[in-house]
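Here's a quick walk through a protein model, taken one topic at a time. Keep the viewer open while you read.

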Amino acid sequence: MIRAKGEGSPEVLPLPVSSPLFRPYGDVVRLDTAPRPVNAGTAWRHDVADFGSDERRGSRLIVSVFEAEPQRLPRAVRLLERHPCSRQAIIPLGEAAFVFLVALSGPDERPDMATLQAFHCPPGSGVIYGRGVWHSPIIGLHRTGLFLVQSWQDGTATDCEEVAIPAHIVAAV
């Protein structure tokens, strides 16, 4: 939800991430699916989402760990990025929590600011952005956090596109 703040930048109120609310932008990663036993019964497998593929020649699935410093809210966001050829997973490791902005593409392939929304992911929840969904960088909360980040990449500029946006203030959660 976006609130106008007088003459200043609009304020975006983060919603608790949930599958129904986040569906237009991608998938929520949470251990709320029925697991099945694997590894001769010594582990449980939770299938949380289908990550998809990338058909570009030379593209490969890259797994990274981002170390995100905590940031104070409210906070101005002036940049969105997207991965036009791949979905991107952001999964906190340990007790990390984060907030982020997302927006769908408009007819001009730029962020459609009418679809801009902020979400809050508590520890134990992550997201997989849909292919081409605009999103802010990770806004870590409370403490330095580690995040598993996964996307298809071929080493070209089409791996990640960035665009400046008018400042939007992410409200405190």
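## Cysteines, sheet and salt bridges

Cys 160 is partly exposed, because its relative accessible area of 31% falls between the 20% and 50% cut-offs. Bear in mind that this is a predicted model.

Does that cysteine have a partner, or is it on its own? Cys 160 is in no disulfide. The nearest cysteine sulfur belongs to Cys 85, and it sits 11 Å away. A disulfide is a covalent bond between the sulfur atoms of two cysteines. To be counted here, the two sulfur atoms have to be within 2.5 Å, so the count comes to 0 disulfides. Cys 85 is likewise in no disulfide, with the sulfur of Cys 160 as its nearest cysteine sulfur.

On to the sheet. It's an open one with 5 strands, in the order S4-S12-S9-S15-S7, and the pairing is antiparallel. Which strands are at the edges? Those are S4 (26-30) and S7 (60-68), each pairing on one side only. Going from one strand to the next, the twist averages 20°.

Take a look at the S7 end of that order. S7 and S15 (residues 145-153) run antiparallel and are joined by 9 bridges. To find your place in the pairing, pick Ser 64, which stands opposite Val 149 in S15.

S15 also holds Leu 146. This leucine is partly exposed, since its relative accessible area is 38%. Leu 146 joins Val 65 and Leu 93 in a nonpolar patch on the surface. Together the three residues have about 240 Å² of accessible area.

Now for the charged side chains. How many salt bridges does the structure hold? There are 8 salt bridges, and three of them are set out here with the distance between their closest N and O atoms.

| Salt bridge | Closest N and O atoms |
|---|---|
| Arg 36 with Asp 47 | 3.7 Å |
| Asp 47 with Arg 45 | 2.7 Å |
| Arg 56 with Asp 54 | 2.7 Å |

Asp 47 turns up twice, forming a salt bridge with Arg 36 and another with Arg 45. The bridge between Arg 36 and Asp 47 links distant parts of the chain, 11 residues apart. Arg 36 is in strand S5 (residues 36-38), while Asp 47 is in the loop between S6 (43-45) and S7.

Are these residues buried or exposed? Arg 36 counts as partly exposed, at 41% relative accessibility. Asp 47 is partly exposed too, with a relative accessible area of 43%, and so is Arg 45, with 40%.

The pair of Arg 56 and Asp 54 has another setting. Arg 56 counts as buried because its relative accessibility of 17% is under the 20% cut-off. Asp 54 is buried as well, with a relative accessible area of 9%. What does this pair belong to? Salt bridges that share partners join Asp 54 and Arg 56 with Asp 154 and Asp 159 into one network.

Terms used. Residues numbered from 1 in each chain as written. Predicted model: local features only at pLDDT ≥ 70, side-chain atom pairs only at ≥ 80, totals over all residues. Heavy atoms only, no water. Pairing = 2+ DSSP bridges. Helix = DSSP H or I, 4+ residues; strand = E, 2+ residues; numbered from the N terminus. Axes fitted to C-alpha atoms, helices over the stretch in contact; angles between N-to-C directions. Patch = residues over 30% accessible without salt bridge, like charges linked within 9 Å, V, L, I, M, F, W, Y side chains within 5 Å. Areas by Shrake-Rupley, 256 points an atom, 1.4 Å probe, with all protein chains shown as cover. Salt bridge = Lys/Arg side-chain N within 4 Å of Asp/Glu carboxyl O. Buried < 20%, exposed > 50% of the residue type's maximum accessible area, 1.4 Å probe, protein only.
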